[in-house]
Amino acid sequence: SALDIAASMGNTKACLALIRNGADVVHRDSEGLNIADHAALNGHKDTVIALWEAIEAYTDLALEDEILEYGRKVSDARMRTSVGIDVEAHEQQQLDYTGRALADKLLLHQHKIPLSVIPGGQEG
C-alpha cells in the first residue's frame with residue numbers, strides 16, 4: 001500500500017498525511033508486517049515512533065467505540081428487562097462474552113501489549 005511504501009522510505013509526513021486521509025493504520029501485509037515494521041526494517045526510527053503513536057491512538061479510539069457500543073447494548077437489555085420484556089438467553093450470553101472480551105482487551109491495552117503478540121489475538 002502507499003502507506004507501507006511511505007513507511008519503508010521513512011517519509012513520516014507522507015505517512016501521517018495518508019493516515020489523516022483514512023489509510024488503514026492497523027493492516028498487515030501478506031508477511032504479517034504492519035506499517036511500523038516496514039519503517040523499522042529500513043532503520044527509520046523517528047518514523048517508527050510516529051507510526052506506533054498513530055497505531056496506539058487508533059487502537060484507543062477503536063476500543064472506546066467498542067466500549068460505547070457494548071454500553072448501549074447493555075442499557076438496551078436492562079431497559080427491556082425493566083419493562084417486563086425478557087432478554088433472550090443467546091443475547092445475554094453474547095453480552096456476557098462481549099463484556100469478558102472487552103475486559104481482556106482493556107487489560108492488554110492497559111499494559112500496552114499489542115493484541116497481535118498474543119496467540120490467537122487480533123488487532124483492530
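**Group meeting: histidine contacts and a helix pair**

In this predicted model, the side chain of His27 has a polar atom 2.9 Å from the backbone oxygen of Asp24. I start there and then work outwards.

His27 sits in the loop between α2 and α3. Is His27 buried or exposed? Its relative accessible area is 18%, and buried means under 20%, so His27 counts as buried. The contact with Asp24 has company: the side chain of His27 also makes a polar contact with the side chain of Asp4, at 3.1 Å. If we leave out residues up to four places away in sequence, His27 touches Ser1, Asp4, Leu33, Asn34 and Ile35.

Take Leu33 from that list. Leu33 is in the loop between α2 and α3. Leaving out residues up to four places away in sequence, the residues that Leu33 touches are His27, Arg28, His38 and Leu41. Leu33 and Asp4 are 29 residues apart in sequence, yet their C-alpha atoms are 9.3 Å apart in space.

Next is the other histidine on the list for Leu33, which is His38. His38 belongs to helix α3, residues 35-41. With a relative accessible area of 12%, His38 is buried. Which side chain does the side chain of His38 meet in a polar contact? That of Asp29, at 2.8 Å. Outside the residues up to four places away in sequence, His38 touches Asp4, Ala7, Ser8, Asp29 and Leu33. Asp4 therefore turns up twice: it is touched by His38 and, as I said, by His27.

Now the start of the chain. Ala2 lies in helix α1, residues 2-9. Ala2 has 48% relative accessibility, so it counts as partly exposed. How far apart are the C-alpha atoms of Ala2 and Cys15? They are separated by 8.4 Å, with the two positions 13 residues apart along the chain as the sequence separation.

Cys15 brings us to a pair of helices, α2 and α4. Two packed helices are described by the angle between their axes and the distance between the axes. Here α2 covers residues 12-20 and α4 covers residues 45-82. Their axes come within 10 Å and cross at roughly 15°. What does that angle say about their directions? Angles under 35 degrees count as roughly parallel, and α2 and α4 are therefore roughly parallel to each other. The crossing of α2 past α4 is right-handed.

Which residues of α2 and α4 meet? From α2 they are Thr12, Cys15 and Ile19. From α4 they are Asp46, Thr47, Ala50, Leu51 and Ala54. Sorted by class, this contact has five nonpolar residues, two polar ones and one charged one.

Last, the whole chain. The chain has five helices and zero strands, and read from the N terminus the elements run α-α-α-α-α. There are 124 residues, and buried residues make up 27% of them. His27 and His38 are both buried. Of the contacts in the chain with a separation of 6 or more, 53% are between residues 24 or more positions apart.

To go back over the histidines: His27 has side-chain polar contacts with the backbone oxygen of Asp24 and with the side chain of Asp4, while His38 has one with the side chain of Asp29. That is where I stop.

Definitions and conventions. Residues numbered from 1 in each chain as written. Predicted model: local features only at pLDDT ≥ 70, side-chain atom pairs only at ≥ 80, totals over all residues. Heavy atoms only, no water. Axes fitted to C-alpha atoms, helices over the stretch in contact; angles between N-to-C directions. Helix = DSSP H or I, 4+ residues; strand = E, 2+ residues; numbered from the N terminus. Parallel < 35°, antiparallel > 145°, perpendicular 65-115°, else oblique. Left-handed = near helix turned anticlockwise from the far one by under 90°. Contact = heavy atoms within 4.5 Å. Nonpolar A, V, L, I, M, F, W, Y, C, P; charged D, E, K, R; others polar. Buried < 20%, exposed > 50% of the residue type's maximum accessible area, 1.4 Å probe, protein only. Polar contact = N/O pair within 3.5 Å; in protein donor to acceptor, adjacent residues only side chain to side chain.
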